[in-house]
Amino acid sequence: MQLSQSIADLAGELDERGFITIDDLVPESVLDLMRRGCDRLIRQTEEMRHSTVEWQLESEAEGGGWGARASGQEGIPGKVRVVSFAHQCSPELAAVPELINLNEGVVRPLHGVSGDFYNTYMWAKPSKVGSEKPWHQDALFLKEEFYEKYEDVYTIWIAVDDAHEENGCLRFLPGSHRGRVKHIPDGMDPDDLFASPREPSLDIDRLWPDLTPITLPRKAGSAVLFGAFTAHTSSANSSEEERRAVSYVYSLPRRDRGTAGGTR
Ligand SMILES: O=C(O)CCC(=O)C(=O)O
């Protein structure tokens with residue numbers, strides 16, 4: 001996989017805005033594999049009634065999929081919002097990082113050392129019922145111990161379908177990565193967030209009155225790479241089209257301590 005811009009330009013842009021776009025990261029053959037991987041996961045939810053921490057269904061209950069999971073209410077079978085550890089249930093999605101040389105070809109050149117694999121998420125955003133993902137920084141979900149070994153993550157979010165405004169493409173707040181927002185009280189374990197009926201949501205107008213969000217449509221196979229401190233969101237899918245996406249997340253070893261090893 002060859003990046004079309006120089007690493008220096010991309011690294012500069014990432015530092016400046018908190019995210020970069022990578023066009024055509026995934027060739028058609030790999031995209032086809034990703035579609036099959038998403039289909040496999042979505043099919044598995046057709047018999048599901050209740051979400052688990054790792055498999056979150058969309059729901060008409062209060063608080064949507066997030067709230068229904070926390071309160072034990074039913075979700076909509078076959079309409080999945082997000083699956084985490086998606087690589088564990090889909091050999092197709094598990095194969096992608098090697099096939100496109102994601103760690104050595106993208107993460108390492110940008111960060112200077114290879115990343116440690118953290119997680120794979122499938123964001124299904126089904127037509128009509130796919131709900132909003134509120135504004136958040138992914139750092140919200142990182143535990144304090146994470147920072148003993150790592151300084152940040154790179155999320156490489158890959159559109160599996162064309163993602164545009166109507167079906168809920170991502171939106172970013174350029175510059176928001178310069179400030180880590182304290183989302184949860186000191187000492188609280190981020191895992192406890194999952195018991196809360198309200199999905200975490202940042203009031204970006206209050207927190208960053210001087211920054212302007214941008215909407216980022218992406219063609220299928222194209223990607224966005226961003227760090228844990230970059231505020232982002234996606235709106236509900238009001239269209240007839242699905243908007244599936246997969247994100248591969250790598251933990252970035254602290255560069256003052258050398259590499260952490262154990263790449264995947
Ligand atoms: O795909 C989406 O709608 C949300 C993605 C997201 O929030 C993430 O990758 O952190």
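Two strands are taken to pair if DSSP finds at least two bridges between them, and strands themselves are DSSP runs of E, at least two residues in length, numbered from the N terminus. The model discussed here is predicted, so local features need pLDDT of at least 70 and side-chain atom pairs count only at pLDDT 80 or more, whereas totals for chains, interfaces and linings use all residues. Residues are numbered from 1 along each chain as its sequence is written, and side-chain values use heavy atoms, with hydrogens and water left out.

A good place to begin is strand β11. This strand spans residues 245-253, and 9 of its 9 residues are buried, so β11 is largely enclosed by the rest of the structure; buried means under 20% relative accessible area, exposed over 50%, and partly exposed in between, with a 1.4 Å probe and protein chains only. In a regular strand the side chains alternate between the two faces of the sheet. Both faces of β11 are covered: one side carries Ala245, Ser247, Val249, Ser251 and Pro253, the other Val246, Tyr248, Tyr250 and Leu252, and all are buried.

The neighbours of β11 come next. Strand β4 (residues 116-123) pairs with β11 in the antiparallel sense over 7 bridges, and Asp116 stands opposite Ser251 of β11. Strand β6 (residues 150-159) also runs antiparallel to β11, joined to it by 9 bridges. Here Trp157 has Ser247 of β11 as its bridge partner.

Trp157 and Ser247 lead on to the ligand, as both belong to its surroundings, along with Trp123, Lys125, Lys133, His136, Asp138, Leu170, Phe226, His232, Ser234 and Arg243; a residue is included if one of its heavy atoms lies within 4 Å of the molecule. At least two residues of this shell come from each of β5 (133-136) and β10 (232-234). Polar contacts are pairs of N or O atoms within 3.5 Å. A polar side-chain atom of Trp123 lies 3.4 Å from a ligand oxygen atom, that of His136 3.3 Å from a ligand oxygen atom, and that of His232 2.9 Å from a ligand oxygen atom. Taken alone the ligand exposes 290 Å², of which the protein buries 96%; these areas come from the Shrake-Rupley method with a 1.4 Å probe.

Gly187 offers a view of another part of the chain. This glycine is found in the loop between β7 (170-172) and α7 (204-207), and counts as exposed because its relative accessibility is 83%. Gly187 and Glu144 are 43 residues apart in sequence, with a C-alpha to C-alpha separation of 8.8 Å in space.

Technical notes:
Helix = DSSP H or I, 4+ residues; strand = E, 2+ residues; numbered from the N terminus. Polar contact = N/O pair within 3.5 Å; in protein donor to acceptor, adjacent residues only side chain to side chain.
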